[in-house]
Amino acid sequence: MKIEEKEQLCQRVRRGLSAGEFAMAFQGIYQMKTGALTSAEALIRWLHPEYGTLLPDAFISAIEDPRVAADMTYFVIKSTSRQLGQWQREGRPVFPIAVNVPPSVAMSEHFTQHVERIARSNGISPGLLQLELSEAEDATRVLASKGLMAGLRDIGVTIAIDDFGTGYSSLAMLSAMDIDVVKLAKELLVEVPTCPRACAVVSAMLNLLQTLRLTVVVEGVETQSQAKWLAQWPHVLTQGFYYGRPTFGLANVPGCKRAPVRHLELVSA
Ligand code: G
Ligand code: MN
C-alpha cells in the first residue's frame, strides 16, 4: 500500500471510530470437559457504510499508526466494558472478556489508569478484562517477561499471549513469562487430527503448557473431530467456529445464559 493510501485509510478509520461505524463481536471460550462458557473474546468489526461488515484483515494495517492503535484500543475497551456493565446491571451472570491490545499501547503512559477508569466508570471490576498480546509482535516478549504488566495485574487484569506458535515462539521465554493464559494459534490446528505430524506438534505443546500450569485456550476449533481429539486434554479451553462464531450482542454468545465457569482456576482444579 502506498504511503498516501495508508494515510487515507488511517484517517478514514479514525473518522469511522468517532462516527460509530465500528462494533464489537463476541466469541465464546469454553471448558473442554463440560462445554460450559468460561469467557469470551471481543473482536472488532467495521460496519462500513459502503462495503458492509469488514473483518480486521481489511483495515488492520492502519494499526501501525500509533493514533489509530490508541483510538481503536480504547474504543474496544470502552465498548466491551459498557456491554459487560449493562449485562451485569441486568443481573445476568458475567464472565471475563479478552480484548486484543497492541503491545505499544499496553506499554504507553497511563494505560493502566485508563483501563481502570474505563472499567470502574462502567461499573465493572477490571478483573473482568483480559488483555491479549499478540505473540507475533516482538514487543510482547519484552512486555511479558520484564514485569511491565505488574500494574495491570495489580488491578486484577489478566494477561494472555495470543497466536502462540506462529510468532517469535521463544520457548525460553515461556519459562520467564509473567502471564496467565496462552492461546494456541489457530494455524496449528488446521491439519489436526488427520496429519500425525501436526498432532505431534500440538500434543507436545499442550503437554508442555500443562506442565507449566498455564491456562491454555486452543483457538480455531472448527470440527467435531478436532474437538474429540482435544478431549485428551480435559483442562484446556476451546474457541472456534465449532463452538460458536463471533456474534454481536453478549446475549447471542452460545452458553451465556448459564452460570459461567471461572477459567483461571481450572488448571489447579
Ligand atoms: O489473532 P486472533 O486470535 O485474535 O484472531 C481472531 C480471529 O479468528 C477473528 O477474526 C475470528 O473471527 C477468527 N476465528 C475465530 N474462530 C475461528 C475458527 O474456528 N476458524 C478460523 N479460521 N478463524 C476463526
Ligand atoms: Mn485474539
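These exercises work through the ligand site, the metal site and two backbone features of a predicted model.

**Exercise 1. Find the residues that surround ligand 1, and sort them by character.**

Step 1. Start with the count. The shell around ligand 1 holds 15 residues.
Step 2. Pick out the closest. They are Gln27, Asp163, Glu219, Glu222 and Phe241.
Step 3. Sort the shell by character. It divides into 4 nonpolar, 4 polar and 7 charged residues.

**Exercise 2. List polar side-chain atoms that lie close to oxygen atoms of ligand 1, and state how much of the ligand is covered.**

Step 1. Set the cut-off. A polar contact is a pair of N or O atoms within 3.5 Å.
Step 2. Check Asp163. A polar atom of its side chain lies 2.9 Å from a ligand 1 oxygen.
Step 3. Check Glu219. An N or O atom in its side chain is 2.9 Å from an oxygen atom of ligand 1.
Step 4. Check Asn100. Here the distance from a polar side-chain atom to a ligand 1 oxygen is 3.4 Å.
Step 5. Turn to cover. On its own, ligand 1 has 530 Å² of accessible area, and the protein covers 77% of it.

**Exercise 3. Place ligand 1 in the fold.**

Step 1. Look at the space. Ligand 1 takes up the largest pocket.
Step 2. Find the elements that give two or more residues to its shell. These are β2 (37-48) and β6 (158-164).
Step 3. Rank them. β2 gives the most, with 3 residues.

**Exercise 4. Describe the manganese site, ligand 2, and trace its donors along the chain.**

Step 1. Name the donors. Glu41 (OE), Asn100 (OD1), Glu132 (OE) and Asp162 (OD) coordinate the manganese ion.
Step 2. Give the range. The distances run from 2.0 to 2.5 Å.
Step 3. Write the spacing. In sequence the donor residues read E-x58-N-x31-E-x29-D.
Step 4. Take the pair Glu41 and Asp162. Glu41 is in strand β2 and Asp162 in strand β6, 121 residues apart, and the pair links distant parts of the chain.
Step 5. Connect the two sites. Asn100 is a manganese donor through OD1, and its side chain also has a polar atom 3.4 Å from an oxygen of ligand 1.

**Exercise 5. Locate the cis peptide bond at Pro193 and the positive phi at His110.**

Step 1. Recall the background. Most peptide bonds are trans, and most residues other than glycine have a negative phi.
Step 2. Take the peptide bond. From Val192 to Pro193 it is cis, with omega near 5°.
Step 3. Place Pro193. It is in the loop between β7 (181-184) and α8 (196-211).
Step 4. Take phi. His110, a residue other than glycine, has a positive value near 65°.
Step 5. Place His110. It is in the loop between α3 (103-106) and α4 (111-121).

How values were computed:
Residues are numbered from 1 along each chain as its sequence is written. Chains are lettered from A and ligands numbered from 1 in the order in which they are written. This is a predicted model: local features need pLDDT of at least 70, side-chain atom pairs count only at pLDDT 80 or more; totals for chains, interfaces and linings use all residues. Side-chain values use heavy atoms; hydrogens and water are left out. A residue is near a molecule or strand if one of its heavy atoms lies within 4 Å of it. A polar contact is a pair of N or O atoms within 3.5 Å; within protein, one must be able to donate a hydrogen and the other to accept it, and residues adjacent in sequence count only if both atoms are side-chain atoms. Accessible areas come from the Shrake-Rupley method with a 1.4 Å probe; for residues, only the protein chains shown count as cover. On a 1 Å grid over the protein atoms alone, a cavity is a set of points where a 1.4 Å probe fits but cannot get out, and a pocket is an open set with protein on both sides within 12 Å along at least five of seven lines; lining residues have an atom within 4 Å of a point. A molecule sits in a cavity or pocket if more than half of its atoms lie within 2 Å of its grid points. Helices (H or I, at least four residues) and strands (E, at least two) are DSSP runs, numbered from the N terminus. Ala, Val, Leu, Ile, Met, Phe, Trp, Tyr, Cys and Pro count as nonpolar, Asp, Glu, Lys and Arg as charged, and the others, Gly among them, as polar. Donors are N, O and S atoms within 2.8 Å of the metal (3.2 Å for Na, K and Ca); water is not among the atoms, so sites may look incomplete.
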